[in-house]
Amino acid sequence: MSTTNTIDTSFIKHFQAEVVTAYQQMGSKLKSTVRSKGDIKGASTTFQKIGTGTAASKTRNGQVPVMNIAHTAVECSLSDYYAGEWVDSLDELKTGHDERRAVAQAGAYALGRKTDELIIAALGKTTTSVGDGSTKLTKDLILQAFTKLNESDIPDDGERYALVAPAQWNQLLSIEEFSSADYVGEKTPFVAGCESRKWLGINWIMHTGLPADAEGGTHTCYIYHKNAVGHAVGLDIKTDITWHGDYAAHFVNNMMSQGACLIDAKGVIKIVAKD
């Protein structure tokens, strides 16, 4: 049966709007921290990895030297993801706005976690790392990763980010330079829905979705530059609501098509730290 014959059009629009709003505000913590492009047509897209150029002098009336910057195309494949929910009582959903919002947010958050999962998986493909999990996240370990970024000429332009698990965040709080307002200023989060602050020119984010080794008691954390990781969107989050008479219920389906890829391994440093 047609959706429009069973559900008020206004209800559909409000529900879809709430899903989109929830996803944009709280769904993904990491989407804004990487290089993103939307409206992708097809199953994949490419991100350009741009090399460094060299300046040179020229003779009087001579030809201007060409930098011959290397351009490498990095392919990013997209996949389709869904987050659905059955709703047995349409009347309750239509009249109970808090309940409608709760269902909408649940779907948006599920897709948001998937977005972060894709980005974290792309970060994990880097070959540059420090730490072996035998020590906690110390200042020395952080400075080792910081040095590797600088040695690779990764821009220090305010677009450096770090992801740490809750255990490692607590370890950071034991470092005076990280926890003291004298060094980091006001501790106003710059990422909605999570602990975050800026230190060493790096935007630090606590995230619960980082890879963990339960047996070894370690987590894998990352420091990276925004341009080192690509995130592609074929279909941004969309919601469809349909009636199923055999279940006497409506099915709310949230869906999206996205992908993520590692563009520059030198711009991502993996840190394995003990919990």
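How many disulfides does a search of the whole structure find? The search finds zero, where a disulfide is a pair of cysteine sulfur atoms within 2.5 Å. What you have here is a predicted model, in which local features need pLDDT of at least 70 and side-chain atom pairs count only at pLDDT 80 or more, while totals for chains, interfaces and linings use all residues. Residues are numbered from 1 along each chain as its sequence is written, and side-chain values use heavy atoms, with hydrogens and water left out.

**Overall picture**

- The protein chain has eight helices and 13 strands; these are DSSP runs (helices are H or I, at least four residues; strands are E, at least two), numbered from the N terminus.
- Of its 275 residues, 41% count as buried, meaning under 20% relative accessible area, with over 50% called exposed and anything in between partly exposed (1.4 Å probe, protein chains only).
- About 14,400 Å² of the protein chain is exposed, and carbon and sulfur atoms supply 48% of that area, computed by the Shrake-Rupley method with a 1.4 Å probe.
- Among contacts (heavy atoms within 4.5 Å) with a separation of 6 or more, 77% join residues 24 or more positions apart.

**Confidence**

- The mean pLDDT of the protein chain is 83, and 81% of residues reach 70 or more; pLDDT is the predictor's confidence in each residue, from 0 to 100.
- Residues 1-5 have pLDDT below 50, and this stretch has five contacts in the model beyond near neighbours in sequence.

**Nonpolar cores**

- In soluble globular proteins, nonpolar side chains tend to be buried together.
- A nonpolar core is a set of buried Ala, Val, Leu, Ile, Met, Phe, Trp, Tyr and Cys residues joined through side-chain atoms within 4.5 Å.
- The largest such core holds 57 residues, of which Leu172, Trp204, Tyr224 and Val229 touch the most other members.
- Helix α4 (residues 97-123) gives this core its largest share, nine residues.
- A second, separate core has eight residues, including Cys76, Leu78, Ala232 and Ile263.
- Outside its neighbours within four places in sequence, Val229 has contacts that include Val34, Ile119, Cys261 and Ile263.

**Cysteines**

- Cys76 does not bond to Cys261, the residue with the closest cysteine sulfur, because the two sulfurs are 3.8 Å apart, too far for a bond.
- Cys76 is buried at a relative accessible area of 0%, and Cys221 is buried at 1%.

**Around Thr220 and Leu210**

- Thr220 lies in strand β10 (residues 218-225) and counts as buried at 14% relative accessibility.
- Leu210 sits in the loop between β8 (202-206) and β9 (212-213) and is also buried, at 6% relative accessibility.
- These two residues, Leu210 and Thr220, are ten apart in sequence and 6.3 Å apart in space, C-alpha to C-alpha.
- Beyond four places in sequence, Thr220 is in contact with Leu210, Pro211, Lys270, Ile271 and Val272.
- On the same basis, Leu210 touches residues including Ile120, Leu163, His219 and Tyr222.

**Aromatic pairs**

- The structure holds seven aromatic pairs: rings of Phe, Tyr and Trp (its six-membered ring) pair if their centres lie within 6.5 Å, and planes under 30 degrees apart count as stacked, over 60 as edge-to-face and the rest as tilted.
- Phe178 and Trp204 form an edge-to-face pair, 6.0 Å centre to centre with 85 degrees between the planes.
- This pair links distant parts of the chain, with Phe178 in helix α7 (residues 176-179) and Trp204 in strand β8, 26 residues apart.
- Phe178 is buried at 0% relative accessibility, and Trp204 is buried with a relative accessible area of 1%.
- Trp169, Phe178, Trp199 and Trp204 form one aromatic cluster.
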